[in-house]
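Biologist: Before we talk about the cysteines and the core, could you put the model on the screen?

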Amino acid sequence: MHGGPRLTPRSARTAAALGAAAVVLSGCSSAVEVSVPGGAGAPACRAAAWPATVSGQERRDTSPASPAVAAWGDPALVARCGVAAIGPTDVECVDVDGQGWIPTPLSDGTRLVSFGTDPAVEVLVPSSYGPAPLLLPAFTEVAASLPRNGLVCR
């Protein structure tokens, strides 16, 4: 024998019970299913500095895990870096902290895409969070780190 700690039948049962509890508990906090955008490999997206909380909501795991995507709360508020940039548009642009965003109403919330960046950041805000533009300051740092494409809000 190697002289290390010995596993008795009682400690084996305890270890098995703790392992089973860990599996059950991990099932309680399921990851948010997301799709990783095509431009997620951009250096700024790989180094995205997502906030720990958004509107008081804690960050959640995503599946698949990627530095280019993040989620908070339940229902999940989702941000994805690396979506296609929006070209010139007649849609009213929302300026938050010097960063333009193009809002698109959805049946259950709002989609906001950074304007003037390539690639872009997409933020999906469920309607239960209230006015979506009020959450955008949390994403200014990530959007500001992206390369500019010369387009600005008017």
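**Disulfides and core**

Modeller: The link of Cys45 and Cys81 is left-handed, with -65° about the S-S bond. This is a predicted model, in which local features need pLDDT of at least 70 and side-chain atom pairs pLDDT 80 or more, while totals for chains, interfaces and linings use all residues. Residues are numbered from 1 along each chain as its sequence is written, and side-chain values use heavy atoms, without hydrogens and water.

Biologist: Which elements hold Cys45 and Cys81, and how many residues apart are they?

Modeller: A disulfide here is a pair of cysteine sulfur atoms within 2.5 Å, and Cys45 and Cys81 are joined with an S to S distance of 2.0 Å. Cys45 belongs to helix α2 and Cys81 to strand β6, helices (H or I, at least four residues) and strands (E, at least two) being DSSP runs numbered from the N terminus. The link therefore spans distant parts of the chain, with its cysteines 36 residues apart.

Biologist: Is Cys153 buried, exposed or partly exposed?

Modeller: Cys153 is bonded to Cys93, with sulfur atoms 1.8 Å apart. Buried means under 20% relative accessible area, exposed over 50% and partly exposed in between, with a 1.4 Å probe and protein chains only. Cys93 counts as buried at 16%, whereas Cys153, at 22%, is partly exposed.

Biologist: Which residues touch the most other members of the largest nonpolar core?

Modeller: A nonpolar core is a set of buried Ala, Val, Leu, Ile, Met, Phe, Trp, Tyr and Cys residues joined through side-chain atoms within 4.5 Å. Of the 27 residues in the largest one, those touching the most other members are Trp50, Leu77, Trp101, Val123 and Phe139.
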